[in-house]
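Trainee: I have a structure to learn from. Can we go through the labels and ask what earns each one?
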Amino acid sequence: MEEKKFDLNSIIGFVLIGAILIWVLYNNAPTEQEIQEQKAKQEQVQAQEQANKSNVLTEQTPQVNLQDSTALAAYKGSLGSFAYSASLPSATKNVTTLENDKVRFKVSNKGGQIVEVLLKNFSRYDSVPVYLVEDGNASFNLTFSTTDNRTLNTQDLYFEPSLTKNGDTQVLSMKLKASDNQYLEYRYELKPGEYMMDYTIRSQGLSNVLNSSQPVELNWKQKSIRQSQSIQYENRYTRLSYLEDGNSNKLSQGGDDEDTVNDVKWISYRQHFFSSILINPNEFSSVSLTSEQLFEDESIEEKFTKLYTSSLPLQIQGGELNSNLKWYYGPTDARIFNDYKGLDLSESIPFGWGIFGFINKHIFTPLFGFLSTVFPYGIAIIVMTILVRIVLSPVTYKSYLSQAKMKVLRPEIQEINDKFKDNPMKRQQETMKLYGKAGVSPMSGCVPALLQLPVFYALFMFFPTAIMLRHKSFLWADDLSSYDIIYKFPEGFSIPFYGDHVSLFPILASVAIFFYMKMTTGQQQAMQQPTQEGMPDMSSIMKIMIYISPVMMLFFFNNYASGLSLYYFISNLITIVIMLVIKNYIIDEDKIHDKIQENKKKPKKENKFQRKMREMMEQAEAQQKKKK
């Protein structure tokens with residue numbers, strides 16, 4: 001075994017290294033000042049973490065000592081009389097909460113504005129609660145001039161809150177103070193069970209502070225937060241609308257738009273099924289509006305649909321402000337809107353224009369509202385579809401009867417075409433004469449079809465905007481107000497104009513419309529006049545449309561509300577059944593033929609229109625002979 005020896009060189013080396021380390025630590029030790037700064041920084045971080053946990057922002061502005069005339073004078077250099085507001089303990093970003101069983105508002109001391117709106121009874125497509133205002137997506141600001149030539153913005157100033165109760169009504173007073181008795185006040189009043197909140201802007205004792213020669217400019221901005229699984233579909237029904245001089249108008253839905261309008265009662269920032277509405281029962285004299293689309297494509301990363309802005313003047317009267325307004329934050333629901341009499345808020349819902357809107361507003365909405373209280377929502381759609389088809393069955397009967405009459409006359413029309421194949425004018429005259437004798441009009445089959453168009457279009461607008469269907473499931477559809485999904489394509493794969501998923505209800509509706517067109521096209525071909533020389537072969541075109549129309553419907557409806565596809569599926573099935581019943585049990589073509597023959601024997605009196613048409617055709621024929 002080797003004997004261990006004492007190594008003097010190693011000991012000297014370790015001693016030198018230790019000395020160097022001690023010297024480095026000594027020279028790099030923090031000073032007393034640095035220790036205090038580090039301690040203060042750590043305390044600040046801890047305070048910020050505590051504030052975040054309590055969800056209350058506590059960033060404060062420098063406090064001004066009112067007794068220090070020099071400090072107060074310096075601060076007035078930037079804020080003038082309203083420097084007083086920054087010297088109060090309320091000069092923080094703390095928030096005050098107003099809430100009832102339907103909605104919760106949070107109002108910030110800074111700007112005195114609403115910084116959060118939560119709808120308690122609704123959730124997004126991903127089960128997250130519905131927030132209409134959150135994380136700075138909205139701002140409300142008054143820009144005003146003072147008598148000492150300053151321009152101030154309320155969003156930069158601090159209000160003093162005072163929350164009280166008037167019976168069951170919560171009252172929040174937010175005061176921007178120039179002194180104890182001089183202030184600009186925002187007054188919020190929220191009643192139980194309401195989405196509507198009274199909102200007053202008024203001033204007291206500011207006649208010598210506000211520059212009354214310049215109007216106060218109100219600016220309201222809001223980015224609409226995405227609530228649905230398809231942002232493109234949601235954007236179709238996301239729109240800025242307003243009631244101008246009693247008429248509802250809107251900015252462009254598909255892109256950026258702006259307008260300046262007068263005599264506006266309300267401005268609605270609609271986000272499909274939810275609305276943020278600023279209301280002035282006495283009307284805003286002038287409003288400048290803009291709408292900007294924010295998203296680029298159908299991506300889950302897109303969070304906002306549109307940016308809305310409104311800019312309008314508030315007049316100073318007698319040196320003071322006094323505007324009695326209202327806020328509505330809640331669902332876009334006609335049943336709720338109709339409770340607020342005299343405001344016409346239901347005009348903000350896209351029911352459709354003219355007769356289409358009338359049918360939706362006064363027939364389909366109350367009808368479906370009643371049916372949905374009796375049946376589950378999917379069954380309610382089926383029941384309403386059956387009722388609509390029963391009501392329209394006389395129109396279907398008239399259309400089919402006209403087709404049957406034209407089918408009976410087809411051999412005689414063919415004879416006329418063969419006899420006058422070289423004389424188109426004469427051929428047309430004889431054809432019209434045959435129609436007149438038989439008591440048949442070639443347009444009688446088109447008129448019933450036209451009568452169904454208002455109902456078709458009204459329902460097309462009803463289902464995507466019916467909030468009653470939102471998050472209501474039926475069979476495999478989780479939400480009747482959105483598209484159903486039976487298969488989702490792999491991530492990143494999408495078919496142009498079709499989407500990234502397969503919906504079953506549009507497939508069923510397309511199959512039903514295929515068989516419906518197969519039936520009606522066969523009947524129309526039977527009644528159709530023989531193809532004339534030089535004219536397109538309509539029978540070939542109709543055969544092609546039998547296949548094109550269902551495919552177009554399949555692509556178009558794949559991203560639409562499944563409730564709408566369910567309606568068209570059931571509607572086409574019922575129509576097919578009605579037509580089979582009419583064909584096999586109601587209409588007898590032999591009887592129709594006998595009736596036409598009897599009509600041909602009766603003397604037919606021409607009306608003014610028929611006589612005019614006959615005279616015009618005779619004149620045209622005479623001119624043609626003269627040319628020859």
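Mentor: Start with the contacts. Residues 24 or more positions apart account for 66% of the contacts in the chain with a separation of 6 or more. Keep in mind that this is a predicted model.

Trainee: What else describes the chain as a whole?
Mentor: The chain has 15 helices and 19 strands. Of its 628 residues, 44% count as buried. Its accessible surface comes to about 33,800 Å², and 55% of that belongs to carbon and sulfur atoms.

Trainee: How many salt bridges does a search of the whole structure find?
Mentor: The search finds 13 salt bridges.

Trainee: What makes Glu-99 and Lys-120 a salt bridge?
Mentor: The cut-off is 4 Å between a side-chain nitrogen of Lys or Arg and a carboxyl oxygen of Asp or Glu. For Glu-99 and Lys-120, the N to O distance is 2.7 Å. That is within 4 Å, so the label holds. The pair links distant parts of the chain: Glu-99 is in strand β1 (residues 95-99) and Lys-120 in strand β3 (residues 114-123), 21 residues apart.

Trainee: Why is Glu-99 called partly exposed?
Mentor: Buried means under 20% relative accessible area, and exposed means over 50%. Glu-99 has 35%, so it falls in between and counts as partly exposed. Lys-120 has 36%, so partly exposed fits Lys-120 as well.

Trainee: How do you know that Lys-106 and Glu-116 form a salt bridge?
Mentor: Their closest N and O atoms are 3.8 Å apart. The limit is 4 Å, so the pair counts. Lys-106 lies in strand β2 (residues 103-108) and Glu-116 in strand β3, so the pair ties together parts that are 10 residues apart in sequence. Both Lys-106 and Glu-116 are buried.

Trainee: What makes Glu-160 and Lys-177 a salt bridge?
Mentor: The closest N and O atoms of Glu-160 and Lys-177 are 2.7 Å apart. That is within 4 Å, so the name applies. Glu-160 lies in strand β7 (residues 160-166) and Lys-177 in strand β8 (residues 169-179), so the pair ties together parts that are 17 residues apart in sequence.

Trainee: Are Glu-160 and Lys-177 buried or partly exposed?
Mentor: Take them one by one. Glu-160 has 25% relative accessibility, between 20% and 50%, so Glu-160 is partly exposed. Lys-177 has 11%, under 20%, so Lys-177 is buried.

Trainee: Which residues do salt bridges join into one network?
Mentor: Glu-185, Arg-187, Glu-189 and Arg-202, through salt bridges that share partners.

Trainee: Now the rings. How many aromatic pairs are there?
Mentor: The search of the whole structure finds 41.

Trainee: Why is the pair of Tyr-328 and Phe-337 called edge-to-face?
Mentor: Two checks. The centres are 5.2 Å apart, within the 6.5 Å limit, so the rings pair. The planes are 70 degrees apart, over 60, so the pair is edge-to-face. Both Tyr-328 and Phe-337 are buried.

Trainee: What makes Phe-514 and Tyr-547 a tilted pair?
Mentor: Their centres are 5.5 Å apart, within 6.5 Å, so they pair. The angle is 50 degrees, neither under 30 nor over 60, so the pair is tilted. Phe-514 lies in helix α11 (residues 504-527) and Tyr-547 in helix α12 (residues 538-557), so the pair ties together parts that are 33 residues apart in sequence.

Trainee: Which ring does the charged end of Lys-175 sit over?
Mentor: The ring of Tyr-183, 4.3 Å from its centre. The charged end of Lys-472 sits over the ring of Tyr-377, 5.0 Å from its centre.

Trainee: How do you know that Ser-310 is buried?
Mentor: Ser-310 has 2% relative accessibility, under 20%, so it counts as buried. Ser-310 is found in strand β16 (residues 304-314). Beyond residues up to four places away in sequence, Ser-310 touches several others, including Leu-218, Trp-220 and Tyr-269.

Trainee: What makes the link between Ser-310 and Tyr-269 a polar contact?
Mentor: The distance between the side chains is 2.7 Å. The cut-off for N or O atoms is 3.5 Å, so the distance passes.

Trainee: Last one. Why is Arg-389 called buried?
Mentor: Arg-389 has 6% relative accessibility, under 20%, so buried is the right word. Arg-389 lies in helix α8 (residues 377-419). Leaving aside neighbours within four places in sequence, its contacts include Gln-452, Ser-571 and Ile-578.

Methods
Residues are numbered from 1 along each chain as its sequence is written. This is a predicted model: local features need pLDDT of at least 70, side-chain atom pairs count only at pLDDT 80 or more; totals for chains, interfaces and linings use all residues. Side-chain values use heavy atoms; hydrogens and water are left out. Helices (H or I, at least four residues) and strands (E, at least two) are DSSP runs, numbered from the N terminus. Buried means under 20% relative accessible area, exposed over 50%, partly exposed in between (1.4 Å probe, protein chains only). Rings of Phe, Tyr and Trp (its six-membered ring) pair if their centres lie within 6.5 Å; planes under 30 degrees apart count as stacked, over 60 as edge-to-face and the rest as tilted. A charge sits over a ring if NZ of Lys or CZ of Arg is within 6 Å of the ring centre and within 35 degrees of the ring normal. Contact means heavy atoms within 4.5 Å. Accessible areas come from the Shrake-Rupley method with a 1.4 Å probe; for residues, only the protein chains shown count as cover. A polar contact is a pair of N or O atoms within 3.5 Å; within protein, one must be able to donate a hydrogen and the other to accept it, and residues adjacent in sequence count only if both atoms are side-chain atoms.
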